[in-house]
Amino acid sequence: MEDSIFTKIIKGDIPCHKVYEDDNTFAIMDIHPIQPGHVVVFPKVQVDFVWDLKDADYSALMLTVKQVGQRLNDVFPEKARIGSIIEGVGIANHAHVNVIPFDTSDELRNLPDSTSEPDHEALAEMAKKIAF
């Protein structure tokens, strides 16, 4: 299997705005966020679908999702909810979970313009606020 963009990020081949890393998982700012504070969490092992993860890797991923969600709740206390989405599309060949602070269902369903140039300065500042 060819390395996914997330595997390339883990290896340091592609830069990112990292907010968390442990032995099994990695969390970064989404470069085209649905809402400010949108974090993508993924396992270090590359599998196509989250359901294909071994139980230990799935548990590690979901524990990190929980930690990121709790951190976002601390950083964005004004937001009504912190949501998580396992979508299985967009990034080929690498399971991941989106963790997003939001107030309304319309905010959660927002489709960002993925053709626009990412605001790396804003993403770097957000990553500093969220990193743990």
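**Aromatic pairs in this model**

Okay, let's start with one residue: Tyr20 comes out at 13% relative accessibility, so it counts as buried, the cut-off for buried being under 20%. Keep in mind as we go that this is a predicted model.

So, on to the rings. A pair of aromatic rings is described by two things, the distance of the centres and the angle of the planes. How many aromatic pairs does a search of the whole structure find? The search turns up four. One of them is Tyr20 with Phe132, and that pair is stacked, with 4.7 Å centre to centre and 20° between the planes. Now look at where the two partners are. Tyr20 belongs to strand β1, residues 18-21, while Phe132 is in the segment after α4 (120-130), so the pair ties together parts that are 112 residues apart in sequence. And is Phe132 buried or exposed? Well, somewhere in between: at 39% relative accessibility, Phe132 counts as partly exposed.

Next up, Phe26 and Phe42. They make a stacked pair too, at 5.5 Å centre to centre with 25° between the planes. This pair also links distant parts of the chain: Phe26 is in strand β2 (residues 25-29), Phe42 is in strand β3 (residues 39-43), and they're 16 residues apart. As for burial, Phe26 has 4% relative accessibility, so it counts as buried. Phe42 has 0%, so Phe42 counts as buried as well.

One last thing to find on the structure: which residues form one aromatic cluster with Phe26 and Phe42? That would be Phe6, which joins those two in the cluster.

Definitions and conventions: Residues are numbered from 1 along each chain as its sequence is written. This is a predicted model: local features need pLDDT of at least 70, side-chain atom pairs count only at pLDDT 80 or more; totals for chains, interfaces and linings use all residues. Side-chain values use heavy atoms; hydrogens and water are left out. Rings of Phe, Tyr and Trp (its six-membered ring) pair if their centres lie within 6.5 Å; planes under 30 degrees apart count as stacked, over 60 as edge-to-face and the rest as tilted. Helices (H or I, at least four residues) and strands (E, at least two) are DSSP runs, numbered from the N terminus. Buried means under 20% relative accessible area, exposed over 50%, partly exposed in between (1.4 Å probe, protein chains only).
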